[in-house]
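This report looks at how one strand is paired with its neighbours, and then turns to backbone geometry and to a pocket.

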Amino acid sequence: QVQVVESGGGLVQAGGSLRLSCRASGDNFSIMGWYRQAPEKQRELVASIRSGGRTDYADSVKGRFTIPDGNAENTVYLQMNSLKPEDTAVYFCSAFNPLFGHYWGQGTQVTVSS
């Protein structure tokens with residue numbers, strides 16, 4: 001049984017930092033990443049890392065958010081710096097298997113106050 005568990009959300013002032021953590025178990029995953037969904041908006045990709053180490057970032061977070069190197073297998077972090085109020089959303093971890101698609105965590109709320 002696949003499990004995806006996130007942690008690390010919270011309330012922070014604009015300009016502050018947060019670090020999200022995610023660990024997946026129960027299968028092999030070629031891509032792990034972070035998505036977010038703000039109220040009345042579609043879920044969007046924030047950042048991802050492939051099994052070979054390549055990372056991709058949404059334009060809106062480049063230079064501010066980072067997936068650190070050297071993560072344990074099936075574990076991904078998201079270091080978020082210089083947070084803005086528009087980063088407020090529920091953040092979801094995704095563990096992607098090419099045969100079965102996305103497995104999702106339960107989501108963690110990130111709120112950035114101005």
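In this predicted model, Ala95 has Tyr103 as its bridge partner in strand E10, and this pair belongs to a set of four bridges by which strand E9 and strand E10 (residues 101–104) are joined in antiparallel fashion. The two strands E9 and E10 make up a hairpin, with three residues lying between them.

Strand E9 has further partners, and the pairings are set out below.

| Strand joined to E9 | Bridges | Direction | A residue pair |
|---|---|---|---|
| E4 | seven | antiparallel | Ile31 and Phe96 |
| E10 (residues 101–104) | four | antiparallel | Ala95 and Tyr103 |
| E11 (residues 108–113) | three | antiparallel | Ala89 and Val110 |

Ile31 stands opposite Phe96 of E9, while Ala89 finds its bridge partner, Val110, in E11. As for solvent contact, E9 is mostly covered, since seven of its nine residues are buried.

**Positive phi outside glycine**

Which residue in the loop between E8 and strand E9 (89–97) has its position noted here? Ser82 lies in that loop, and its phi is positive, at about 50 degrees, although Ser82 is not a glycine. With a relative accessible area of 41%, Ser82 is partly exposed, because that class covers values between the 20% and 50% cut-offs.

Asn74, which is likewise described as having a positive phi despite not being a glycine, takes a value of about 60 degrees, and Asn74 is placed in the loop that runs between strand E7 (65–66) and strand E8 (75–80). Is Asn74 buried or exposed? Its relative accessible area is 16%, and Asn74 is therefore classed as buried, the cut-off for that class being under 20%.

**The largest pocket**

Asn74 also appears in the description of the largest pocket, where the space amounts to about 270 Å³. The lining of this pocket is made up of 17 residues, and those closest to its centre are Arg50, Ser51, Ala72, Glu73 and Asn74. By residue class, the lining of the largest pocket divides into six nonpolar, eight polar and three charged residues. At least two lining residues come from strand E4 (31–37), and at least two from strand E5 (44–50).

Strand E4 thus links the two topics of this report: E4 supplies residues to the lining of the largest pocket, and E4 is also joined to E9 by seven bridges in an antiparallel arrangement.

Definitions and conventions: Residues are numbered from 1 along each chain as its sequence is written. This is a predicted model: local features need pLDDT of at least 70, side-chain atom pairs count only at pLDDT 80 or more; totals for chains, interfaces and linings use all residues. Side-chain values use heavy atoms; hydrogens and water are left out. On a 1 Å grid over the protein atoms alone, a cavity is a set of points where a 1.4 Å probe fits but cannot get out, and a pocket is an open set with protein on both sides within 12 Å along at least five of seven lines; lining residues have an atom within 4 Å of a point. Grid points are joined across faces, edges and corners, and a volume is the space filled by probe spheres set on the points. Ala, Val, Leu, Ile, Met, Phe, Trp, Tyr, Cys and Pro count as nonpolar, Asp, Glu, Lys and Arg as charged, and the others, Gly among them, as polar. Buried means under 20% relative accessible area, exposed over 50%, partly exposed in between (1.4 Å probe, protein chains only). Two strands pair if DSSP finds at least two bridges between them.
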